[in-house]
Amino acid sequence: MASVNSSDWRAICEQFTTALNLTEVESRKDPENDPFRSKYKAREILREIYSALKNFEATEADSETSGERGEEQVVDGEKDGQCFYGDSPAGWRAAKLAAVEYFLGVNHIETEELSAGQEHLMNCMKLIDKWSTSSMNVSLVIHVKNQLGILWSGRGETETAKAFLETAEGTYLRYMKKEGSPPTDMTEYFSTEENQLTHQERTKRFELAYTHTKYYLAQVYQYLGETELSATYCHSTLQRQLQLNQFNPMEWALNAATLSQYYINKGLYMEGRHCLSAATVISGLAGEVPSEAAAEESEREQERRDQLRQKRADIARCWIKYCLNLLLDAKKALEDNIGELDGDRQEELKAARRAEVEEEEKSRKSALLFGSEDTFDSIASLEEKVQSLTPLDFTDARALFLVGQTYVTQAKEYFEMDGFVTDHIEILQDHSALFRALAFFEDDLERRCKMHKRRVDMLEPICNDLNGHYYLVIRRQLMFELAEIYNEMMDLKLTVANCQSDSETLDSHTIKKLNHLCGASAKFFEMFLESLRSPEGKLPEVLEEEVLRPALVARFRVARLYSRVICPVISDKLENLNKSLDHYKYVAQYGDAHPEASAAVETELELSREMVSLLPIKINRLKAQMISNN
């Protein structure tokens, strides 16, 4: 094109550089009351370039002989004129016009004129569609299809977006298989020879365009429910961003930590640990958190301080989930039919552990690992400090628990109760769950009971102070958990007492302790049930689905607890048994009146009906005993 008029072509190149600078640099300085000023200026320049190119096209087309015209150079033997060489002079001209249409399309999208943006992007597609994909236009093809994918995804047309993005990916893969060399970048269409990109820069830009394709496909697949495919593309995107050194450290780290949750939920702990280790290391590249003093002096530093602290706290919460889920999976693999550790199963799994270690090492060698020369060793070093195989004994479980507890402390430093009530309580609930999971591995019942006491100490003050009007759901969760903790502590204390006593009679101190735990458990279950009342104080006749099971289970547990209170006086015992019978009757009658509830509380319903038949016999026997004693 420079052959038409070298000075005119150089002027167009300078115009394009100006438009690009207005779009990418000057637009950041635009005032809030005129946010698109620079982009509008860039648009006018791009239109001028388009007109000039059309004039050049007419001039050059007239000067070419018919044998030289790109339109007559058919591809793969086609004679219908539908597809031509993309690297012909005419194909080269079409690519330049298409590129301007592309930049105009992006410009309109960025100024929130989506329909006009779509029109320009489709014009770009029409100009290049009839030309074969070549090193001259392949980058443009991928960019425009990426943009159309984003556009349609934003409109909720996910299948359409998916089609454009998958076509972009196919274009990249076919080109790399056939050519392999980095193609011409779109910006080079409007660069003089001395300003052409290096081979390395071309490669980087082309690979970055494909990285964007994979990034957008990951989101589309996630939206369509194709979670495994989405995770694969997300993982690949993150790795490519590191390789190309094109990433924001905190955004990258948060995306890697989020990806870890997919692997954790799938039971792929080695992959989850790798994502979290990489997230922790890469987040460190964002630098130190500004001090409070520095933040007070600068609004920008205050914003940076808040962002760094929050995102690192979010990563810490992902680590907590990792440790908790691994402990819970271990518990599930080791527990017997009454929820205790199965010694035979434990020995069996320990015997198979060597093969698991070898398999883990083999899997690691074939995995797509994150990192660069600067970060790979740091990531691997952090991974070595946290196990990825399920713990099989207390020592391993405690090591994992301590990792989780460290991240609980980190997360709470940002998510304080004052300002982050919901987040803070969720972290406390995870901390409580960590203690509960660790207690499963503890052989000493007294120490196990102390672990549960730690759970009570962290949750009960919060539950008592929490405003039930604004945080009703969370408060219900805490009530139910506290009721279960006290119930579990009572069972443990009773087992310890029976093991330590030579007779069937318990001493007064033990009885007092057991009755206290029994009463505390019943209190929180009843608090939960009271929270179901309407503002007028009435209990619902029909329980809503989200509270159906917990409400009926709470009734059932309260019934059992009243029957377990140790009473030396028969009249007190009778009073408690009657209360117990009332709760059993409620569960049984609710099940009879609402057959659909049976599936939610099948075991509790069956036992309640049985107790409704048996308890009256026991009550009558006690009444007879009381009469005979008088």
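## Rings and helix packing around helix 12

A search of the whole structure, which is a predicted model, turns up 28 aromatic pairs. Let's start with one of them. The ring centres of Y269 and Y322 sit 5.7 Å apart with their planes at 75°, so this pair is edge-to-face. It ties together distant parts of the chain: Y269 belongs to helix 10 (residues 269–283) and Y322 to helix 12, with their positions 53 residues apart. Both Y269 and Y322 are buried.

Y322 has another ring partner. W319 and Y322 also have their ring centres 5.7 Å apart, here with the planes at 80°, so this pair counts as edge-to-face too. W319 and Y322 are 3 residues apart in helix 12, which means about one helical turn separates them. How buried is W319? Its relative accessible area is 0%, so W319 counts as buried. Y322 is buried as well, because its relative accessibility is 0%.

Elsewhere, ring pairs join up into a cluster made of W9, F16, W92, Y102, F103, Y189 and F190.

### How the helices pack

A quick word on the description used here: two packed helices are described by the angle between their axes and the distance between the axes. Here are three helix pairs side by side.

| Helix pair | Axis distance | Axis angle |
|---|---|---|
| Helix 10 and helix 12 | 10 Å | about 160° |
| Helix 12 (residues 299–334) and helix 17 (residues 421–441) | within 10 Å | roughly 30° |
| Helix 16 (residues 394–414) and helix 17 | within 10 Å | roughly 170° |

Take helix 10 and helix 12, whose axes are 10 Å apart at an angle of about 160°. That angle makes helix 10 roughly antiparallel to helix 12, and the crossing is left-handed. On the helix 10 side, the contact is made by Y269, G272, R273, L276, S277, A279, T280 and S283. Helix 12 brings R312, I315, C318, W319, Y322, N325, L326 and D329 to that contact. So where do the ring partners from the opening fit in? Y269, W319 and Y322 are among the residues that make this contact. By class, the contact of helix 10 with helix 12 has 8 nonpolar, 5 polar and 3 charged residues.

Helix 12 also packs with helix 17, and here the axes come within 10 Å and cross at roughly 30°. Are helix 12 and helix 17 roughly parallel or antiparallel to each other? They are roughly parallel, and the crossing of helix 12 and helix 17 is left-handed. The helix 12 residues in this contact are R317, I320, K321, C323, L324, L327, L328, A330, K331 and L334. They meet D423, E426, I427, D430, A433, L434, A437, F440 and F441 in helix 17. The contact of helix 12 with helix 17 divides into 13 nonpolar, no polar and 6 charged residues.

Helix 17 has helix 16 as a further packing partner, with the axes crossing at roughly 170°. Helix 16 and helix 17 are therefore roughly antiparallel to each other. From helix 16, the contact takes in F394, A397, R398, F401, G404, Q405, V408, A411 and K412. Their partners in helix 17 are H424, I427, L428, H431, L434, F435, L438 and F441. Sorted by class, the contact of helix 16 with helix 17 has 11 nonpolar, 4 polar and 2 charged residues.

### A look at L349

L349 lies in helix 13 (residues 343–351). With a relative accessibility of 15%, L349 counts as buried. Leaving out residues up to four places away in sequence, L349 touches A333, L334, E356 and L392. L334 is also one of the helix 12 residues that meet helix 17. As for spacing, the C-alpha atoms of L349 and Q196 are separated by 62 Å, with the two residues 153 apart along the chain.

### Two loop residues with positive phi

Most residues other than glycine have a negative phi. E112 has a positive value, with phi near 65°. E112 sits in the loop between helix 3 (89–110) and helix 4 (114–129), and its relative accessible area of 64% makes it exposed.

N245 also has a positive phi, about 55°, although it is not a glycine. The place of N245 is in the loop between helix 8 (227–244) and helix 9 (249–265). Buried or exposed? N245 counts as exposed, at 54% relative accessibility.

Key:
Residues are numbered from 1 along each chain as its sequence is written. This is a predicted model: local features need pLDDT of at least 70, side-chain atom pairs count only at pLDDT 80 or more; totals for chains, interfaces and linings use all residues. Side-chain values use heavy atoms; hydrogens and water are left out. Axes are lines fitted to C-alpha atoms, for helices over the stretch in contact, and angles run from 0 to 180 degrees between N-to-C directions. Helices (H or I, at least four residues) and strands (E, at least two) are DSSP runs, numbered from the N terminus. Angles under 35 degrees count as roughly parallel, over 145 as roughly antiparallel, 65 to 115 as roughly perpendicular and the rest as oblique. A crossing is left-handed if the near helix is turned anticlockwise from the far one by less than a right angle, and right-handed if clockwise. Contact means heavy atoms within 4.5 Å. Ala, Val, Leu, Ile, Met, Phe, Trp, Tyr, Cys and Pro count as nonpolar, Asp, Glu, Lys and Arg as charged, and the others, Gly among them, as polar. Rings of Phe, Tyr and Trp (its six-membered ring) pair if their centres lie within 6.5 Å; planes under 30 degrees apart count as stacked, over 60 as edge-to-face and the rest as tilted. Buried means under 20% relative accessible area, exposed over 50%, partly exposed in between (1.4 Å probe, protein chains only).
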